[in-house]
Amino acid sequence: MASSSKAAIIAAARTPIGTARKGTLANMAPIEFTKPIVSAAVERSGLDAGQFEDLVLAESLQGGGDSARYIAVDLGMDSIPGLAVNRQCASSLSAIAVGAAEIASGMSSAVLAGGMESLSMMPQFLKRKPFTTGKEADDYERWAPMSNPPSAEAPPFDMSITVAHNAATEYGITREDQDAWALRSHQRAVKAIDAGSFVDEIVPIQVPQADGSTITFSEDEHPRRDTSMETLAGLKILHPEIEGFSVTAGNSSGTNDAAAVVALARPDTGQNVLANVLSWAQVGVPPKRTGSGPILAIPKALELAGRKIEDVALFEINEAFAAQAVACARQLGLDEELVNVYGSGISLGHPIAATGARMVTSAVYELRRRGGGLGVVSMCAGGGMGAAMVIEVG
């Protein structure tokens with residue numbers, strides 16, 4: 001299998017991650033907090049804005065449209081077209097893959113790619129009821145798009161069942177296993193914040209306040225310093241009516257607001273290369289086995305890169321739920337000391353369409369701190385999908 005670089009990451013940046021609805025970014029439109037990240041990626045790349053040939057942005061829950069093009073125009077980058085990508089939780093990882101593919105194919109020489117999400121400002125939809133005229137208010141009902149046909153074992157709007165409970169049941173993951181993973185996630189995230197591990201990748205955001213002033217937001221706010229096994233064990237399960245259910249709010253990912261963007265270019269452009277993109281892969285699984293997506297996607301991506309699991313220095317497997325993360329690590333035989341070394345979705349948070357690009361950004365910076373090596377970023381995605389990407393820092 002080929003192991004040469006498909007594209008190079010020459011810059012990466014992200015916002016701090018806010019807690020949805022009550023956090024610092026809750027009242028800021030996602031386009032507004034994404035614009036500084038796009039600008040920062042351009043500035044850090046060393047290229048002029050006009051040298052980029054596309055802006056590919058994931059926006060899973062923002063209602064459609066093409067925010068990438070809006071942002072490009074609003075920033076005065078009229079020559080850059082925009083593409084919206086949606087693969088649920090894996091959306092921005094796929095956006096980066098799309099950008100890398102543009103470059104690997106020779107169709108583009110430099111592309112900006114990433115994702116944005118505001119669960120605080122997620123739009124609410126209405127659709128016309130069948131056999132009504134649409135002229136009366138009660139002709140409409142609340143509606144949300146589904147990623148898979150609904151069933152009792154895979155409800156599209158309750159991932160605690162579709163992803164977490166099913167994974168825990170299939171792979172024998174206990175409540176204690178889940179709570180221990182969640183606690184470690186928070187501990188690692190807090191340790192990374194205190195050590196300044198995220199400072200270089202984060203772009204401080206100026207956030208408007210109700211009184212017209214602004215504040216500077218520069219540090220992830222979701223990790224809990226005060227959590228403990230006792231605290232986690234005391235939380236109620238989400239579905240007491242389901243026998244053997246062990247998922248709680250404490251061992252589930254957060255709801256969050258954030259954006260992350262990388263700049264991609266041909267490896268031979270002469271720009272400072274932060275990391276090389278070696279491969280990427282997407283897989284489908286039955287919706288009830290959504291949490292198993294990374295178990296299939298990671299080996300596929302590594303095979304495409306001509307590498308093996310034992311070659312990997314760092315794994316990022318998004319913690320949609322602790323049950324799913326534990327299952328993936330165990331089924332792949334991973335050294336848990338190399339998985340999510342600075343926390344993940346449970347602690348840092350899971351801003352859906354921004355998470356993949358956030359993970360890539362953090363992995364790039366951490367691998368560089370460690371002197372290089374191979375990194376794998378992976379996640380499951382709603383509807384029964386998984387995605388993975390292999391990067392290398394020289």
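Biologist: Which side chain does E337 meet in a salt bridge?
Modeller: This is a predicted model. The pair is joined N to O, at 3.6 Å. The partner of E337 is R188.

Biologist: How many residues apart in sequence are the parts that this pair ties together?
Modeller: E337 lies in the loop between helix 8 (322-331) and helix 9 (352-369). R188 lies in helix 5 (residues 175-195). The salt bridge therefore ties together parts whose separation in sequence is 149 residues.

Biologist: Does R188 count as buried or exposed?
Modeller: Its relative accessibility is 13%. Anything under 20% falls in one class. So R188 counts as buried.

Biologist: Where does R358 lie, the salt-bridge partner of E316?
Modeller: The closest N and O atoms of E316 and R358 are 3.7 Å apart. The pair links distant parts of the chain, 42 residues apart. E316 sits in strand 12 (residues 312-317), and R358 in helix 9.

Biologist: Are E316 and R358 buried or exposed?
Modeller: The two ends of this salt bridge share one class. Both E316 and R358 are buried.

Biologist: Which residues do salt bridges that share partners join into one network?
Modeller: Here the bridges go beyond a single pair, since partners are shared. The network consists of R14, E201 and D220.

Biologist: Which helix holds both E32 and K35?
Modeller: These two form a salt bridge, with the closest N and O atoms 3.1 Å apart. They are three residues apart, about one turn of the helix. Both lie in helix 1 (residues 30-45).

Biologist: Which class of accessibility does E32 fall into, and which K35?
Modeller: E32 has a relative accessibility of 34%, so E32 counts as partly exposed. K35 has 14%, so K35 counts as buried.

Biologist: What is the count of salt bridges?
Modeller: The pairs E337 with R188 and E32 with K35 are among them. The count comes to 16.

Biologist: Which residues of strand 3 point the other way from L55 and L57?
Modeller: In a regular strand the side chains alternate between the two faces of the sheet. In strand 3 (residues 55-58), L55 and L57 point one way, and all four residues are buried. Pointing the other way are V56 and A58.

Biologist: Which residue in strand 4 is the bridge partner of V56?
Modeller: Strand 3 and strand 4 (residues 82-85) run parallel, joined by four bridges. Between them, helix 2 (residues 67-74) completes a right-handed β-α-β unit. The partner of V56 is L83.

Biologist: In strand 5, what is the bridge partner of A58?
Modeller: Strand 3 also runs parallel to strand 5 (residues 110-118), and four bridges join the two. The partner of A58 is G115.

Biologist: Which side chains make polar contacts with the side chain of S185?
Modeller: S185 lies in helix 5. S185 is buried, with a relative accessible area of 3%. Leaving aside residues up to four places away in sequence, S185 touches residues including G343, S344 and I346. Its side-chain polar contacts, each of 2.7 Å, are with E319 and S347.

Biologist: How many disulfides does the structure hold?
Modeller: A disulfide is a covalent bond between the sulfur atoms of two cysteines. C89 is in none. The number of disulfides is zero.

Biologist: How far from C89 is the nearest cysteine sulfur?
Modeller: C89 is buried, with a relative accessible area of 15%. The nearest cysteine sulfur belongs to C380. A disulfide needs the sulfur atoms within 2.5 Å. The distance from C89 is 5.9 Å.

Biologist: Why is there no bond from C328 to its closest cysteine sulfur?
Modeller: C328 counts as buried, at 0% relative accessibility. Its closest cysteine sulfur is in C380. The gap is too far for a bond, at 6.9 Å.

Biologist: Where is the place of Q88?
Modeller: Q88 is not a glycine, yet has a positive phi of about 55 degrees. At 23% relative accessibility, Q88 counts as partly exposed. Its place is the loop between strand 4 and helix 3 (91-104).

Biologist: Does F131 count as buried or exposed?
Modeller: F131 also has a positive phi, about 65 degrees, although it is not a glycine. F131 is found in the loop between strand 6 (125-128) and strand 7 (140-143). With 88% relative accessibility, F131 counts as exposed.

Note on methods
Residues are numbered from 1 along each chain as its sequence is written. This is a predicted model: local features need pLDDT of at least 70, side-chain atom pairs count only at pLDDT 80 or more; totals for chains, interfaces and linings use all residues. Side-chain values use heavy atoms; hydrogens and water are left out. A salt bridge is a side-chain nitrogen of Lys or Arg within 4 Å of a carboxyl oxygen of Asp or Glu. Buried means under 20% relative accessible area, exposed over 50%, partly exposed in between (1.4 Å probe, protein chains only). Two strands pair if DSSP finds at least two bridges between them. A crossover is right-handed if, with the strands pointing away from the viewer, the path from the first strand over the helix to the second runs clockwise. A polar contact is a pair of N or O atoms within 3.5 Å; within protein, one must be able to donate a hydrogen and the other to accept it, and residues adjacent in sequence count only if both atoms are side-chain atoms. Contact means heavy atoms within 4.5 Å.
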